[in-house]
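Take a look at the structure shown here. The paragraphs below walk through it step by step.

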Amino acid sequence: MAILKEIYSRCVSISGNIYFFMGLLGIILSIAGNILIRKRADKRSVTLRDSARRIAVVTGASRGLGCGYVRAIARQMDAFDIQELWIIARNRDKLVALARETGVPCLPIPVDLTSGRSIEVIREMLSTRDYDVRLLINCAGIGNSGTSEQIGNRGEQMEIVLNDSVTVAMVQTLLPFMRGGSRIVNIASIAAFQSIPGFNVYAASKAFVLSYSRGLRSELASRGISVTAVCPYWIRDTGFIEHATGEKAAPFLSKTTDQVVRTSLRAIKGRRRLSTPSIASFLDLIIGPLLPDIVLSRIAAAFNLKRKK
Ligand SMILES: NC(=O)c1ccc[n+]([C@@H]2O[C@H](COP(=O)([O-])OP(=O)(O)OC[C@H]3O[C@@H](n4cnc5c(N)ncnc54)[C@H](OP(=O)(O)O)[C@@H]3O)[C@@H](O)[C@H]2O)c1
């Protein structure tokens with residue numbers, strides 16, 4: 001018994017030390033990486049001034065979080081070094097109304113991003129003159145609550161196409177028009193941190209967005225282009241919850257669009273790799289890796305809003 005106790009206490013102390021030092025190493029590497037990207041971004045930004053038109057592109061802009069970003073960025077065009085906004089979603093009327101409301105040069109692009117042609121349209125528009133894409137926010141996204149059988153193949157495929165394929169296609173299309181100092185922002189979710197039964201493909205699609213963003217950030221660091229993944233918890237005043245679950249709910253600890261936009265824009269400006277704009281996603285980020293996925297996914301499933309029958 002004494003031997004078992006001794007083995008147990010040594011294992012706990014060894015794994016504790018490993019966790020501690022790996023965590024410390026992670027924090028040091030993350031801070032060093034951030035300083036490096038900021039220095040390169042500043043250096044490149046200074047060397048590039050020419051006639052190029054400096055734009056920001058926001059997808060999913062007709063309502064919800066994307067619309068919140070557009071409104072906030074329109075109020076601080078200089079801070080982002082932007083002359084014009086391009087706003088993308090399917091609903092033409094809402095885009096036109098938003099463009100008018102901003103009071104800055106703002107181009108509505110009403111397209112369905114899941115149709116391959118729409119990405120081509122954006123590429124062609126970018127080729128018409130010298131554009132410098134200073135900011136891309138990939139915000140368009142959908143989620144369906146329910147089991148795989150309830151959602152069906154079409155519903156799950158749409159989540160993967162819009163959340164993942166379109167995100168990658170937008171980066172591929174706009175990257176040739178970016179220079180040092182540009183920013184890419186991919187909207188992931190707290191769902192990215194673990195599997196979630198009952199919200200499974202959505203969680204997996206956001207895990208893709210998070211992993212993709214982290215890798216892309218390292219690839220683009222030498223060009224001084226920063227990539228930030230934003231991982232919100234539930235946002236109560238967008239159309240997302242109603243679409244995902246069929247009900248209008250205000251889950252515990254949920255945030256408003258304005259709160260999420262304000263917090264995440266600070267991280268985006270600071271060129272941070274990750275934004276967790278709520279206490280729930282911050283805690284999940286810190287505590288999640290310490291728990292086995294089977295435990296974490298059960299907890300996440302308990303917090304998931306179930307689809308109304
Ligand atoms: N709300 C939350 O609780 C929450 C939490 C974590 C993460 N997120 C993420 O935040 C992002 C924004 O969500 P939200 O809450 O703002 O949802 P939302 O209110 O439903 O807005 C979704 C946006 O995406 C656009 N969109 C949907 N399908 C599209 C398509 N095929 N082509 C072009 N645009 C399309 C919609 O515009 P149209 O209908 O006009 O096309 C709308 O502007 C998503 O990526 C979501 O996964 C949301």
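What follows goes from the sheet to the core, then to the ligand and the loops.

Keep in mind that this is a predicted model. Begin with the sheet. It is open and has seven strands. Their order is S3-S2-S1-S4-S5-S6-S7, and the pairing is parallel. Strand S3 (106–110) and strand S7 (274–275) stand at the edges. Each has a single partner strand, so one side of each is left without a neighbour in the sheet.

Now move to strand S4, residues 131–138. S4 sits between S1 and S5 in the order. On one side, six bridges join S4 to strand S1, residues 53–59. These two strands run parallel. One pair to find is Arg 53 and its bridge partner in S4, Tyr 131. On the other side, four bridges join S4 to strand S5, residues 183–187. S4 and S5 run parallel as well. Two pairs mark this seam. Leu 135 stands opposite Arg 183 in S5, and Ile 137 stands opposite Val 185 in S5.

Is S4 covered or open to the outside? It is mostly covered, with eight of its eight residues buried.

Step across to S5. This strand is mostly covered too: five of its five residues are buried. In a regular strand the side chains alternate between the two faces of the sheet. You can trace this along S5. Arg 183, Val 185 and Ile 187 point one way. Ile 184 and Asn 186 point the other way. All of these residues are buried.

S5 also pairs with S6, in the parallel sense, over five bridges. Here Asn 186 stands opposite Ala 229 in S6. Helix H6 (residues 200–220) lies across S5 and strand S6 (226–230). Helix H6 runs at about 165 degrees to S6.

Next comes the nonpolar core. The largest one has 67 residues. Which residues have the most contacts inside it? They are Val 57, Val 58, Ala 61, Val 70, Leu 85, Ile 87 and Leu 136. Helix H2 gives the most to this core, with six residues. Take Val 70 as an example. Leaving aside its neighbours within four places in sequence, Val 70 is in contact with Val 58, Ala 61, Leu 85, Ile 87, Leu 98 and Thr 102.

H2 has a part at the ligand as well. Helix H2 (64–74) and helix H7 (240–245) each supply at least two residues of the shell around the ligand. In total, 29 residues surround the ligand. The closest are Gly 60, Gly 64, Arg 90, Gly 141 and Thr 238. By class, the shell has 14 nonpolar, twelve polar and three charged residues.

Now turn to the loops. Ile 142 is found in the loop between S4 and helix H5 (148–174). Ile 142 counts as partly exposed because it has 18 C-beta neighbours inside 10 Å, and a buried residue needs 20 or more. Not counting residues up to four places away in sequence, Ile 142 touches Met 158, Glu 159, Leu 162 and His 243. Ile 142 and Glu 120 are 22 residues apart in sequence, and their C-alpha atoms are 22 Å apart in space.

Go on to Leu 175, in the loop between H5 and S5. Leu 175 has 16 other C-beta atoms within 10 Å, so it is partly exposed. Leu 175 and Val 133 are 42 residues apart in sequence. In space, they are 8.0 Å apart, C-alpha to C-alpha.

Two last loop residues deserve a look at their backbone. Most residues other than glycine have a negative phi. Leu 253 is not a glycine, yet it has a positive phi of about 70 degrees. Its place is in the loop between H7 and helix H8 (257–269). Arg 271 also has a positive phi, near 60 degrees, and is a residue other than glycine. Arg 271 lies in the loop between H8 and S7.

Are these two residues buried or partly exposed? Leu 253 has 13 C-beta neighbours inside 10 Å, so it counts as partly exposed. Arg 271 has 22 C-beta neighbours inside 10 Å, so it counts as buried.

Note on methods:
Residues are numbered from 1 along each chain as its sequence is written. This is a predicted model: local features need pLDDT of at least 70, side-chain atom pairs count only at pLDDT 80 or more; totals for chains, interfaces and linings use all residues. Two strands pair if DSSP finds at least two bridges between them. Two residues are in contact if their C-beta atoms, placed from the backbone, lie within 7 Å. Axes are lines fitted to C-alpha atoms, for helices over the stretch in contact, and angles run from 0 to 180 degrees between N-to-C directions. A residue is near a molecule or strand if its C-beta atom, placed from the backbone, lies within 6 Å of it. Ala, Val, Leu, Ile, Met, Phe, Trp, Tyr, Cys and Pro count as nonpolar, Asp, Glu, Lys and Arg as charged, and the others, Gly among them, as polar. A nonpolar core is a set of buried Ala, Val, Leu, Ile, Met, Phe, Trp, Tyr and Cys residues joined through C-beta atoms within 7 Å. A residue is buried if 20 or more other C-beta atoms lie within 10 Å of its own, exposed if 12 or fewer, and partly exposed in between; C-beta atoms are placed from the backbone.
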